[in-house]
Amino acid sequence: MAQTPAAHRINRFHTQKTHQHHAMNTVPEVTPIARPVLVPPGGHKKVLLHSCCAPCSGEVMEAMLASGIDYTIYFYNPNIHPLKEYLLRKEENLRFAEKFGIPFIDKDDDYENDRKEWFAKAKGMEFEPERGIRCTMCFDMRFEKAAQYAHENGFPVFTSSLGISRWKNMAQINDCGHRAAAPYDGLVYWDFNWRKGGGSARMIEISKREHFYQQEYCGCAYSLRDSNAHRKSQGRIPIKLGVLYYGDPATEYENR
Ligand code: SF4
């Protein structure tokens, strides 16, 4: 399937808005697989999905669709640096949501201040390793906003695509999710393990099928710095933003 690289389409900066497309001209392609029916906590069918990016949320989205779960994507990730990378990741996620007609909450109406707040909270933790306390802060900040939105907009359950990545500590993410939900009566964080039952493999499969933009670092300025330092120690070139796409033989290994 030919796709226009997202890098060519990044020409706008969204303010908070809901993108909703109920009318679809074509039936979207999904990975054919027999899936067990997923039941969110409490038997609820309405879920807010905090999404970090298209590759991580692709499998989560298709799994929930297959179970008839009514979900909305909440994109709030002021950790992602620089702006070019932030927009690339968001546009890829929005593109995939539009394909299925999934509502997409683009929470960047106060992006500059949110970004400043993220850096202020990370102060003193600049050299913490991934999966350490800076990441706990980073998950907390994003989940607190998602939980608040869920509470204010009638979502009894929220979950996240963050835990599907093998680079992440799922227990750490789940702790943050439960902590974010705790202040709100009736709100539950769904700590489903999206990796199991072949979820991790399908995450890659869907990313290749969709030619998603392939990010090469977790997201913040410090993870970019550390990834580049690691690459340098291996004699590799620094990360180039906006060039690597899953399943694209022309670019897949170019930057390795
Ligand atoms: S490494 Fe990833 S999870 Fe950790 S602080 Fe940076 S962006 Fe957040």
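A residue is counted as near the ligand, and so as part of the shell around it, if its C-beta atom, placed from the backbone, lies within 6 Å of that molecule. With that in mind, and remembering that this is a predicted model, you can begin the tour at the ligand.

**Stop 1: the ligand**

Select Asn-79, Glu-130, Arg-134, Cys-135, Cys-138, Cys-218, Gly-219, Cys-220, Tyr-222 and Ser-223, which are the residues around the ligand. Helix H4, which runs over residues 133-152, and helix H7, which runs over 221-233, are the elements that each give two or more residues to this shell. The largest share, three residues, comes from H4. If you colour the shell by class, you should find five nonpolar, three polar and two charged residues.

**Stop 2: helix H1 beside helix H2**

Next, select residues 54-66, which form helix H1, together with residues 83-100, which form helix H2; their axes come within 10 Å and cross at roughly 20°. Angles under 35 degrees count as roughly parallel, and therefore H1 is described as roughly parallel to H2. The crossing in which H1 passes H2 is right-handed. To see what makes the contact, show the side chains of Ala-54, Ser-57, Gly-58, Met-61 and Leu-65 on H1, and then those of Glu-92, Asn-93, Phe-96 and Phe-100 on H2. Sorted by class, the residues of this contact divide into five nonpolar, three polar and one charged.

**Stop 3: helix H1 against helix H6**

Keep H1 on screen and add helix H6, which covers residues 199-210; here the two helices pack at an angle of about 110°, with their axes 8 Å apart. Because angles of 65 to 115 degrees count as roughly perpendicular, H1 is roughly perpendicular to H6. On the H1 side, select Pro-55, Cys-56, Gly-58, Glu-59 and Glu-62, which meet Gly-199, Arg-202, Met-203, Ile-206, Ser-207 and Glu-210 in H6. By class, this contact has four nonpolar, three polar and four charged residues.

**Stop 4: from Arg-95 to Glu-210**

Return to helix H2 and pick out Arg-95, which lies in it. Is Arg-95 buried, exposed or partly exposed? A residue is buried if 20 or more other C-beta atoms lie within 10 Å of its own and exposed if 12 or fewer, so Arg-95, with 18 such neighbours, counts as partly exposed. Now draw a distance from the C-alpha atom of Arg-95 to that of Glu-210: the two residues are 115 apart along the chain, and these atoms are separated by 10.0 Å.

**Stop 5: backbone details in the loops**

Finally, turn to the backbone, starting with the loop between strand S3 (70-75) and H2, where you will find Pro-82. The peptide bond that leads from His-81 to Pro-82 is cis, with omega near -5°.

Then move to Arg-131, which is in the loop between helix H3 (111-121) and H4. Although Arg-131 is not a glycine, it has a positive phi of about 75°. Arg-131 counts as partly exposed because it has 14 C-beta neighbours inside 10 Å.

The last selection is His-211, in the loop between H6 and H7. What is the phi of His-211? It is positive, at about 55°, although His-211 is not a glycine. With 19 C-beta neighbours inside 10 Å, His-211 also counts as partly exposed.

How values were computed: Residues numbered from 1 in each chain as written. Predicted model: local features only at pLDDT ≥ 70, side-chain atom pairs only at ≥ 80, totals over all residues. Helix = DSSP H or I, 4+ residues; strand = E, 2+ residues; numbered from the N terminus. Nonpolar A, V, L, I, M, F, W, Y, C, P; charged D, E, K, R; others polar. Axes fitted to C-alpha atoms, helices over the stretch in contact; angles between N-to-C directions. Parallel < 35°, antiparallel > 145°, perpendicular 65-115°, else oblique. Left-handed = near helix turned anticlockwise from the far one by under 90°. Contact = placed C-beta atoms within 7 Å.
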